[in-house]
Amino acid sequence: MEAFYYLVFGALAAVVAGVELSKSNKDRINTSSAFNSFKNNYLVIYSLMMAGDWLQGPYVYYLYSTYGFGKGEIGQLFIAGFGSSMLFGTIVGSLADKQGRKRACITYCITYILSCITKHSSQYNVLMLGRILGGIATSLLFSAFESWLVAEHNKRGFEQQWLSVTFSKAIFLGNGVVAILAGLLGNTLVDAMALGPVAPFDAASCFLTIGMFVILFTWTENYGDPSESKDLFTQFRGAAVAITSDEKIALLGAIQSLFEGSMYTFVFLWTPALSPNDEDIPHGFIFATFMLSSMLGSSLASRLMARQTPRVESYMQIVFAISASSLLLPIVTSFLVAPSKVKGGSISFAGCIQLLGFCAFEACVGLFWPSIMKMRSQYIPEEARSTIMNFFRIPLNIFVCIVLYNVDAFPMTVMFGMCSIFLFVACLLQRRLMGIADKPKTEDWVALKERDTEAEPLNL
């Protein structure tokens, strides 16, 4: 079965190379040298930020286990991270809009570095503090950087379509190339150099520090609504009104929460799904294969977004349908393939089928990220972009916390079935979004903001 892993990886690598090398002028967007310089600066910083994040992921659980904590205690630490992102995410997002997105990105670096430092302690309370800091950092990673990029892109007068170039390249590099290299570096530090499971966190701190100084000396500041009178509660009300007053924003938030909730659940489920009888599977190699699949998706997204048709609202319906079908495979194989009762050994035939389906899902993830970024840049008002984006993450974090708390309460097939249903619902919502994409808003952000109501929801 070892040849199977190499065959899948090699086939994916060949397809990714083929897609990239076969791009014609129709698949590329002609841009200016000024934009290319701006884009490359952002890609370098984004890659450094993602390196700091990817280095930690594979070793968090392992580090906690080496400190002697059981599954229940580790589960509580993970819940603390997602809970922190849910509770503090909207606050830091609003502060990013008010105090500046550049400052928020620097705060991300400092917060995540402090989180990495806590990993040197085996004290549960210190590790819990690290998880809380990590949750705050995650909220900033997935809101402040994109908000800065969109605002700076528009401020410099670049064409709107050029944003899709930066989005697709950022995902291709940050969620593909960098993820694979980070996995290899982490493996080298922990296994080959025998520096222990805390070494990847130290390496992450180094990348984050370098990125922070590049931001300090190369980025300019930008803001959401610069009004001096707004407070956090008013910002929250303003974001809520923006979501409820524009169906497109509400649909976008629901779609994002459904897909990301399924994605994070998949992260916890793929290992036991592929090794239900403790089969010996190469976790690092499979992770690299998933990241290669994600690179394929982002490469396809760059092709699709470079053309006028199909529109992103249109092809994302197909992406959600494929992702829903791919996560049904564990359920289908449980009925069609007799389960093995032999402990250990190599991956089963059912596991091979599921692995192919999971690669298809990861390719959908690669398509999802740049596409959702483009839709957010079109529909979310600039004045409260970070606040609204973190509002979208509230239901996501609630869902993931519930899943983590009840991970042993439901059979794996039920969990995958739930994710598949969520993705199918996302497909239906995306179809609705496609139907109203060109429909003008009944009231734009400025009109809502200036409207004199009792609650003054947008008196920012």
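## Close-up views of a predicted model

Ser275 is found in the loop between α11 (247–274) and α12. This residue is the subject of our opening view, and, as with every panel here, the coordinates come from a predicted model.

**View A. Ser275 and its link back to Thr271.** The side chain of Ser275 comes to 2.7 Å from the backbone oxygen of Thr271. Although Ser275 sits in a loop, its relative accessible area is 12%, and the residue therefore counts as buried.

**View B. Asp97 and Arg101 meet through their side chains.** Here we turn to helix α4, which spans residues 71–99 and contains Asp97. Asp97 has a relative accessible area of 0%, so it is buried. A polar contact of 2.8 Å joins the side chain of Asp97 to the side chain of Arg101.

**View C. The two sides of helix α14.** Helix α14 covers residues 329–336, and its buried residues are Pro330, Ile331 and Thr333. Why do these residues belong to the same side of α14? Because the arc they cover around the axis is only 170°. Look to the other side of α14 and you will find Phe335 and Leu336, which are exposed. The cover over the buried residues of α14 includes helices α13 (312–326), α15 (349–379) and α17 (412–436).

**View D. Cys364 in helix α15.** One of the helices that cover α14 is α15, and Cys364 is found in α15. With a relative accessibility of 4%, Cys364 counts as buried. Setting aside neighbours within four places in sequence, the contacts of Cys364 are Phe259, Val319, Ile322 and Ser323. For a sense of scale, Cys364 and Tyr59 are 305 residues apart along the chain, and their C-alpha atoms are separated by 25 Å.

**View E. Leu356, also placed in helix α15.** Is Leu356 buried or partly exposed? Its relative accessibility is 46%, so Leu356 counts as partly exposed. Once neighbours within four places in sequence are left aside, Leu356 is in contact with Phe4 and Val8. Leu356 and Ser84 are 272 residues apart in sequence, and from C-alpha to C-alpha they are 34 Å apart in space.

**View F. Asp53 and its contacts in space.** Asp53 is found in helix α2, residues 33–54. The relative accessible area of Asp53 is 18%, and this residue is therefore buried. Leaving out neighbours within four places in sequence, Asp53 is in contact with Tyr108, Tyr112 and Leu141. Asp53 and Ala179 are 126 residues apart along the chain, yet 8.9 Å separates their C-alpha atoms.

**View G. Cysteines without a disulfide.** How many disulfides does the model hold? The count comes to zero. Take Cys116 as an example: the closest cysteine sulfur, in Cys206, is 9.6 Å from the sulfur of Cys116, which is too far for a bond, because a disulfide needs the two sulfur atoms within 2.5 Å. Cys401 is in no disulfide either, and the nearest cysteine sulfur, that of Cys419, is 15 Å away. Both cysteines are shown with their surroundings: Cys116 is buried, with a relative accessible area of 1%, and Cys401 is buried as well, with a relative accessible area of 14%.

**View H. The second largest cavity and its lining.** The structure holds two cavities of 30 Å³ or more, and this view shows the second largest, with a volume of about 30 Å³. Which residues line the second largest cavity? They are Glu20, Lys23, Ser168, Lys169, Phe172, Ser298, Ser299 and Ser302. Helices α8 (162–192) and α12 (283–305) each supply at least two residues of this lining.

**View I. Ala194, a residue with a positive phi.** Our tour ends in the loop between α8 and α9 (199–218), where Ala194 lies. Although Ala194 is not a glycine, its phi is positive, at about 55°. Where View A showed a loop residue, Ser275, that is buried, Ala194 is exposed, with a relative accessible area of 61%.

How values were computed. Residues numbered from 1 in each chain as written. Predicted model: local features only at pLDDT ≥ 70, side-chain atom pairs only at ≥ 80, totals over all residues. Heavy atoms only, no water. Helix = DSSP H or I, 4+ residues; strand = E, 2+ residues; numbered from the N terminus. Buried < 20%, exposed > 50% of the residue type's maximum accessible area, 1.4 Å probe, protein only. Polar contact = N/O pair within 3.5 Å; in protein donor to acceptor, adjacent residues only side chain to side chain. Arc of directions from axis to C-beta. Contact = heavy atoms within 4.5 Å. 1 Å grid on protein atoms, 1.4 Å probe; cavity = no way out; pocket = protein on both sides within 12 Å on 5 of 7 lines; lining within 4 Å. Points joined across faces, edges and corners; volume = space filled by probe spheres on them.
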